[in-house]
Amino acid sequence: MNPADMFTQVGSVIASVMFAWAMFKQYCPYSVQEYFDKYSKRAFTFVYPYIQISFNEFTGGRFMRSEAYSAIENYLGSRSSTQAKRLKADVVKNNQSVVLSMDDYEEVDDEFQGVKLRWASGKHISKSQSVSFYPETDEKKYYKLTFHKRHRQLILGDYLNHVLKEGNEIKVRNRQRKLYTNSGSYWRHVVFQHPASFETLAMEAERKQEIVDDLVIFSTAEDFYARIGRAWKRGYLLFGPPGTGKSTMIAAMANLLNYDIYDLELTAVKDNTELRKLLMETTSRSIIVIEDIDCSLDLTACRGERLIVFTTNFVEKLDPALIRKGRMDKHIELSYCSFEAFQVLAKNYLRLESHRLFARIQELLGETKMTPAEVAEHLMPKTITGDAKVCLESLIGALEKAKEDAILKAEEEAKEKEKESARLKAEEEAKAEEEEKEKAKAEEEAKEKDSSAAEKDSSAAENAKKQAKDNGFCDNGNGELNNKENKQEGFSH
Ligand SMILES: Nc1ncnc2c1ncn2[C@@H]1O[C@H](COP(=O)(O)OP(=O)(O)OP(=O)(O)O)[C@@H](O)[C@H]1O
Ligand SMILES: [Mg+2]
């Protein structure tokens with residue numbers, strides 16, 4: 001017998017038994033009822049081979065919606081859209097898509113590792129006690145899971161884990177994502193609705209794929225990070241001139257991974273304690289963005305599935321210690337528009353794969369620098385009919401002008417450079433001349449000094465000679481003066 005029929009048959013047997021039990025209760029004394037109740041339950045469990053588990057919508061009071069219930073609701077939603085005849089629809093995800101779930105009192109079959117199970121939805125309704133003109137009804141919804149008792153272990157273990165995991169993943173996929181910004185030490189949020197995607201990002205296909213792969217590997221690597229004992233987070237540094245797509249790429253990352261964004265404004269944070277508090281309040285599956293980073297930060301406060309993205313216009317000015325691997329694991333340069341990047345923009349903005357003007361644009365993009373933001377500006381519709389040629393010509397005009405400006409600027413710079421080097425040369429020459437003069441002067445002075453010293457010496461020698469003569473000294477012909485008396489004394493020793 002097929003399991004679905006078996007569930008139906010068992011269901012009708014139960015209904016008959018319940019009816020007979022109601023009749024019995026009405027006509028039997030209470031003690032007999034109690035006795036019968038006890039033994040009938042045992043007999044019933046013995047005969048009825050199925051286990052039933054209820055998952056109520058609310059647990060722990062009226063205001064706490066059970067997480068298991070909402071995960072099951074999402075999980076069953078994907079199955080009930082093909083099986084159930086009555087469905088409930090809800091509009092979620094930026095009000096752009098409809099999400100279905102099974103209506104009350106519907107049933108859906110499921111299969112796990114070859115085991116068949118059945119889910120049913122229902123609700124308990126009780127009238128509220130309050131006296132009111134419009135009496136309120138109190139609905140308690142639930143899902144009931146029925147399966148054969150021989151599969152108890154599999155269902156209570158692996159199957160329920162699978163349902164909760166998949167249900168939560170569906171919930172994350174369907175949820176409205178948020179963009180948080182901090183004012184002081186508090187986060188405020190709005191719905192995140194940026195349309196950027198990696199398909200529309202103007203960048204070389206190969207580099208784009210490398211980044212997408214890196215992100216996907218990160219987001220599915222929970223077990224890996226746990227195994228190697230590292231916090232499940234990854235740092236990216238996006239650098240490049242303004243208008244090259246750094247912020248656009250962050251939005252595309254968030255859309256790819258279904259993450260929230262926390263845009264951290266560091267200038268609004270007072271101290272490290274406040275920073276730590278903000279980081280600890282960020283949720284898992286999020287991107288923490290720090291734009292225009294220029295100082296070192298302690299980001300050890302947050303754990304779990306998080307990307308930390310830093311941006312800067314001037315990577316060369318950053319402290320190497322700040323951008324080392326571990327802090328910023330992947331460095332991505334966003335630069336001026338290449339022809340390949342332009343082709344992406346032309347496809348997005350003009351739905352053009354090729355055009356005879358592309359060749360000229362390719363040539364010009366190879367010769368001059370223009371940011372994707374500027375290129376995109378020229379591809380915006382210029383006429384009501386949206387004529388692509390007008391946009392491409394506008395871009396060519398701008399590129400030609402940019403090229404001319406660049407040539408003029410280069411010439412201007414070359415002239416400046418020439419002037420500067422001529423100035424430096426003249427300065428050096430003047431300096432050398434000055435030094436030469438100084439040297440000549442010094443030599444002149446030295447000569448003068450020498451001759452006056454010689455003059456002094458000769459007059460001193462003359463004086464000495466005279467003196468020596470007077471004192472009985474004589475010249476030995478070598479300019480040395482001998483004292484006759486001393487010599488005689490010396491020999492006598
Ligand atoms: N690589 C790109 N792909 C697609 N669009 C782009 C790209 N770069 C820039 N743009 C367009 O230009 C606009 C400005 O780009 P974006 O804000 O991402 O630049 P940025 O690098 O973050 O600049 P800044 O350094 O000033 O913050 C975007 O809204 C987008 O329309
Ligand atoms: Mg930016």
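Biologist: Before we look at the sheet, what makes two strands pair?
Modeller: This is a predicted model, and strands are assigned in it by DSSP. Two strands pair if DSSP finds between them a number of bridges that is at least two.

Biologist: How many bridges join β11 to strand β12, and in which sense do they run?
Modeller: Strand β12 covers residues 306-312. One facing pair is V289 and V309, the latter in β12. The strands β11 and β12 run parallel, and the bridges that join them number five.

Biologist: Which strand pairs with β11 over four bridges?
Modeller: I287 of β11 is the bridge partner of I261. The pairing is in the parallel sense, and the other strand spans residues 260-263. That strand is β10.

Biologist: What is the hand of the crossover from β10 to β11?
Modeller: Strands β10 and β11 pair in the parallel sense. The chain passes between them through helix α8, residues 272-280. This β-α-β crossover is right-handed.

Biologist: Is strand β11 enclosed or open, and how many of its residues are buried?
Modeller: S286, I288 and I290 point one way from β11, while I287 and V289 point the other way, and all are buried. A residue counts as buried if 20 or more other C-beta atoms lie within 10 Å of its own. Strand β11 is therefore largely enclosed by the rest of the structure, with five of its five residues buried.

Biologist: What share of the chain's residues count as buried?
Modeller: The chain has 493 residues, with 13 helices and 15 strands. Of its residues, the share that count as buried is 18%.

Biologist: Is D292 buried or exposed?
Modeller: D292 sits in the loop between β11 and β12. Its phi is positive, about 50°, although D292 is not a glycine. A residue is exposed if 12 or fewer other C-beta atoms lie within 10 Å of its own. D292 has 12, so this residue is exposed.

Biologist: Where does ligand 1 lie with respect to the domains?
Modeller: The ligand is surrounded by 15 residues, and the closest are A202, P242, G245, S247 and A373. Helices α7 (246-257) and α11 (372-379) are the elements that give two or more residues to this shell. Domain 2 (179-333) and domain 3 (339-423) both contribute to the shell, so ligand 1 lies between domain 2 and domain 3.

Biologist: How many charged residues are in the shell around ligand 1?
Modeller: By class, eight residues of the shell are nonpolar and six are polar. The number of charged residues is one.

How values were computed:
Residues numbered from 1 in each chain as written. Chains lettered and ligands numbered in written order. Predicted model: local features only at pLDDT ≥ 70, side-chain atom pairs only at ≥ 80, totals over all residues. Near = placed C-beta within 6 Å. Nonpolar A, V, L, I, M, F, W, Y, C, P; charged D, E, K, R; others polar. Domains from an automatic or database assignment. Right-handed = clockwise from strand over helix to strand, strands pointing away.
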